[in-house]
Amino acid sequence: MNAPLPMPRRRAARRSREVLADGRHLVEGWLRRSCDGGLVDLRGQVRELPLLVRCAVRVHDGREPGGARVLGLSLTGTSGLTERWSVVVAAAQRVVLLFGSRGALEAAGHLVVAAPEAHGPAARWTRVEWSVDPGARDWY
């Protein structure tokens with residue numbers, strides 16, 4: 001006899017700004033730790049990602065072949081269930097794009113370098129200057 005599938009655990013409902021703040025915090029923590037742990041590499045799954053995420057990867061890869069990193073992070077969403085959000089990091093262009101579970105651009109910002117002489121894809125990043133309104137600028 002087959003055992004029933006486990007049901008996802010529902011947590012307390014959250015506000016969308018709390019979910020967004022958690023996403024930003026996780027991305028900044030990942031950057032501070034020199035890109036170690038916390039986020040999952042989704043480069044091999046680009047075809048299964050939402051359309052806007054695929055477009056962002058295509059545009060940033062076009063500017064620098066293979067330059068965009070595609071990552072996934074798990075957040076507890078507004079319904080209390082875990083959601084998969086996508087992150088596109090284009091280090092050469094110093095851009096970070098955070099996409100919600102449905103593929104909409106939720107946050108975008110510029111990478112800020114640790115030291116003025118540390119430029120390039122291997123540079124250490126200390127923080128992200130998040131845009132107040134990601135829709136006000138063309139991040140692609």
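This report covers the largest pocket and the nonpolar cores of a predicted model.

## The largest pocket

The largest pocket has a volume of about 260 Å³. Its lining is made up of 15 residues. Nearest the centre lie Thr78, Glu83, Trp85, Ser101 and Glu106.

By type, the lining holds seven polar residues, four nonpolar and four charged. Two elements, α1 (16-32) and β3 (82-90), each supply at least two residues of this lining. The helix α1 gives the most, with four residues.

## The largest nonpolar core

The largest nonpolar core has 18 residues. Val27, Leu73, Trp85, Val87, Val96 and Leu98 touch the most other members. Six elements each give two or more residues to this core: α1, β2 (68-76), β3, β4 (95-99), β5 (105-113) and β6 (125-130). Here too α1 gives the most, with five residues.

Trp85 appears in both settings: Trp85 is among the residues nearest the centre of the largest pocket, and Trp85 is also among the core members that touch the most others.

## Contacts of Val96

Val96 is one of the core residues that touch the most other members. Leaving aside neighbours within four places in sequence, Val96 is in contact with Val27, Val87, Val88, Ala107, Ala108, Gly109, Leu111, Val128 and Trp130. Of these partners, Val27 and Val87 are likewise listed among the core members that touch the most others.

## A second core

A separate, second core has 14 residues. Its members include Val46, Ala56, Val95 and Trp139.

Definitions and conventions:
Residues are numbered from 1 along each chain as its sequence is written. This is a predicted model: local features need pLDDT of at least 70, side-chain atom pairs count only at pLDDT 80 or more; totals for chains, interfaces and linings use all residues. Side-chain values use heavy atoms; hydrogens and water are left out. On a 1 Å grid over the protein atoms alone, a cavity is a set of points where a 1.4 Å probe fits but cannot get out, and a pocket is an open set with protein on both sides within 12 Å along at least five of seven lines; lining residues have an atom within 4 Å of a point. Grid points are joined across faces, edges and corners, and a volume is the space filled by probe spheres set on the points. Ala, Val, Leu, Ile, Met, Phe, Trp, Tyr, Cys and Pro count as nonpolar, Asp, Glu, Lys and Arg as charged, and the others, Gly among them, as polar. A nonpolar core is a set of buried Ala, Val, Leu, Ile, Met, Phe, Trp, Tyr and Cys residues joined through side-chain atoms within 4.5 Å. Buried means under 20% relative accessible area, exposed over 50%, partly exposed in between (1.4 Å probe, protein chains only). Contact means heavy atoms within 4.5 Å.
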